[in-house]
Amino acid sequence: MELRLPDDVRLHVTVTGPADAEVTVIMLHGWTLDGRSWHRQLTDLRDRFGNRVRVVAYDARGHGRSSCLTLRDATLAQLGDDLAAVVDEFAPSGPVVLVGHSMGGMTVMEYAHRHPDRFAARTAGLVFVSTTAEGHTHTAYGLSPRITRLIRLAETTGAGVLARCGGWRPPYALLRALRPSIRWMLFGDRCDPADIRLVTSAVAHATLRSIGGFRASIGAQHRLETLAALGGLPAAALVGDRDRLTPPPCAESIAAALPTAELTVCPGAGHMLMMERPDVVNAAVAGVLRRVLAGTGTPSPAAA
């Protein structure tokens with residue numbers, strides 16, 4: 001399925017469940033990934049809730065099977081606007097639960113910041129997986145401060161070069177050679193070979209402009225005040241204690257700003273919690289959904 005946005009970017013969207021389901025879950029993937037990241041959660045939601053829940057997963061612009069973008073649109077602000085369009089198209093009525101991993105969680109926060117009235121009127125629950133509301137404030141890659149500064153300098157410089165490479169995609173052969181580095185950066189103690197293959201495939205489908213272009217916006221975003229204004233929504237925040245990109249302080253600050261968020265820290269897990277600890281992520285999503293289905297998660301009149 002495809003959604004054409006006002007600027008002619010086409011989003012690839014996967015929808016399961018009936019249009020008149022009681023709740024719509026929208027799942028947002030991380031930077032350089034795509035909607036396939038959630039395949040274990042999609043299966044679990046169908047098994048647990050059947051036709052009570054409609055599930056929408058889509059590839060962000062410049063990622064996966066969605067079309068490319070201009071460099072000026074490689075921002076979280078644009079992704080927040082894209083999410084608003086997805087909600088309008090695929091969940092025009094009824095409560096919505098937003099589930100975001102990494103950049104996807106930051107997109108949810110940007111949607112709340114840029115479209116507060118629409119967010120409050122529709123959003124009934126939130127799940128933040130391995131994400132942050134503070135840009136790169138806590139990102140230290142598990143290394144010393146001096147080495148972290150050097151890596152960040154190299155990363156930001158490289159991102160600027162990649163951002164100007166247009167719609168080209170990274171060669172798969174190169175990514176296969178880089179698998180040990182990808183595994184170190186994204187995963188914790190354990191990594192299923194099928195998961196690293198899926199991640200490598202996803203990165204191979206992201207445009208170089210997207211890989212480089214979103215880096216500045218991701219590093220600069222600060223949305224703790226936005227979260228603090230969201231009120232009593234059922235929510236969950238999950239993180240792995242070996243996450244080198246969004247370490248536990250990121251989730252802890254989200255939970256502090258959003259007191260209704262149940263904080264879960266997974267020992268031995270890295271950044272790819274939906275793959276590394278699918279049962280934990282599935283349980284968190286199901287827990288928020290049950291509260292919404294029970295009627296406790298609908299937006300309050302004051303919030304709307």
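How many bridges pair β5 and strand β6 (residues 123–129), and in which sense do they run? The two strands pair over six bridges, in the parallel sense. This is a predicted model, where local features need pLDDT of at least 70 and side-chain atom pairs count only at pLDDT 80 or more, while totals for chains, interfaces and linings use all residues. Residues are numbered from 1 along each chain as its sequence is written, and side-chain values use heavy atoms, with hydrogens and water left out.

**Strand β5 and its partners**
- Strands are DSSP runs of E with at least two residues, numbered from the N terminus, and two of them pair if DSSP finds at least two bridges between them.
- Gly100 of β5 has Phe128 as its bridge partner in β6.
- β5 also runs parallel to strand β3 (residues 23–28), joined by five bridges; here Thr24 is partnered with Val96 of β5.

**What is covered**
- Six of the six residues of β5 (residues 96–101) are buried, meaning under 20% relative accessible area with a 1.4 Å probe, protein chains only.
- Val96, Leu98 and Gly100 point one way, and Val97, Val99 and His101 point the other way.
- In a regular strand, side chains alternate between the two faces of the sheet.

**An enclosed space**
- The largest cavity (a set of points on a 1 Å grid over the protein atoms alone where a 1.4 Å probe fits but cannot get out) has a volume of about 50 Å³.
- Its lining residues, those with an atom within 4 Å of a point, are Leu28, His29, Tyr58, Ala60, Leu79, Met103, Gly104 and Thr107.

Conventions. On a 1 Å grid over the protein atoms alone, a cavity is a set of points where a 1.4 Å probe fits but cannot get out, and a pocket is an open set with protein on both sides within 12 Å along at least five of seven lines; lining residues have an atom within 4 Å of a point. Grid points are joined across faces, edges and corners, and a volume is the space filled by probe spheres set on the points. Buried means under 20% relative accessible area, exposed over 50%, partly exposed in between (1.4 Å probe, protein chains only). Helices (H or I, at least four residues) and strands (E, at least two) are DSSP runs, numbered from the N terminus.
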